[in-house]
Structures are given as C-alpha cells and as structure tokens.
Amino acid sequence: MKKCRITVMKVTEHRDLMERFENPMENACGMQEGQVFIANGWEKPEGFCESAWSSLSAFVMTLACGGENLYKG
C-alpha cells in the first residue's frame, strides 16, 4: 500500500456554527496551513484532526491502493 502526503491548504473555523451545533470547544482542529502529514494507507497520521480525517480517509485509502481520477467515477 502506498503512502500519501496530505498538505493543509486552508483552515476555516465557522464560530457561529461551532457555537450552535458542537460541544463547546476552543478551536475546530489544531492544524496549521502548510502543515504536512504522511498517511500510511488507512492509518490516520499522528496529530491529524479526527474530523478532517473522517472527511478525507476514503480518498486517502483509494489513492493508497493505487486509485486515480477520483472525480471521474
């Protein structure tokens, strides 16, 4: 299985939604723009935001298994 490099391109916090729908928290994730993580197949990288991983893990797994053209079917 291939390793995948993940680079944080943008960090966005919607305080109004966090206050309305989330448990009280200081920030949504602790990641910084430009931060790089290496995913070893299906394993969540150390320090990677759990919420972000939930969104990305299927794509990472596909790429780690050799998949291509994720948006073309």
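Phe37 has plenty of company: leaving aside neighbours within four places in sequence, this residue is in contact (heavy atoms within 4.5 Å) with Cys4, Arg5, Ile6, Val8, Met31, Pro45, Glu46, Gly47 and Phe48. Keep in mind that this is a predicted model, where local features need pLDDT of at least 70, side-chain atom pairs count only at pLDDT 80 or more, and totals for chains, interfaces and linings use all residues. Residues are numbered from 1 along each chain as its sequence is written, and side-chain values use heavy atoms, with hydrogens and water left out.

**Where Phe37 sits**

- Phe37 lies in strand 2; helices (H or I, at least four residues) and strands (E, at least two) are DSSP runs, numbered from the N terminus.
- Phe37 is buried, at 6% relative accessible area; buried means under 20%, exposed over 50%, and partly exposed in between (1.4 Å probe, protein chains only).
- Cys4 is 33 residues away along the chain, yet its C-alpha atom is 8.3 Å from that of Phe37.

**Aromatic pairs**

- Rings of Phe, Tyr and Trp (its six-membered ring) pair if their centres lie within 6.5 Å, with planes under 30 degrees apart counted as stacked, over 60 as edge-to-face and the rest as tilted.
- That rule gives 2 aromatic pairs.
- One of them joins Phe37 and Phe48 edge-to-face, at 4.8 Å centre to centre and 85 degrees between the planes.
- Phe37 is in strand 2 (residues 36-40) and Phe48 is in the loop between strand 2 and helix 2 (50-64), so this pair ties together parts that are 11 residues apart in sequence.
- Phe48 is buried too, with a relative accessibility of 4%.
- Phe48 also pairs with Trp53: the ring centres are 5.8 Å apart and the planes sit at 85 degrees, so this one is edge-to-face as well.
- Trp53 is buried, just as Phe48 is, and ring pairs link Phe37, Phe48 and Trp53 into a cluster.

**The nonpolar core**

- A nonpolar core here is a set of buried Ala, Val, Leu, Ile, Met, Phe, Trp, Tyr and Cys residues joined through side-chain atoms within 4.5 Å.
- The largest one has 12 residues, among them Phe37, Phe48 and Trp53.
- Strand 1 (3-7), strand 2 and helix 2 each give two or more residues to this core, and helix 2 gives the most, with 4.

**Around Cys29**

- Cys29 is found in the loop between helix 1 (15-21) and strand 2.
- Beyond four places in sequence, Cys29 is in contact with Glu13 and Cys49.
- The C-alpha atoms of Cys29 and Ala52 are 8.1 Å apart, with their positions 23 residues apart along the chain.
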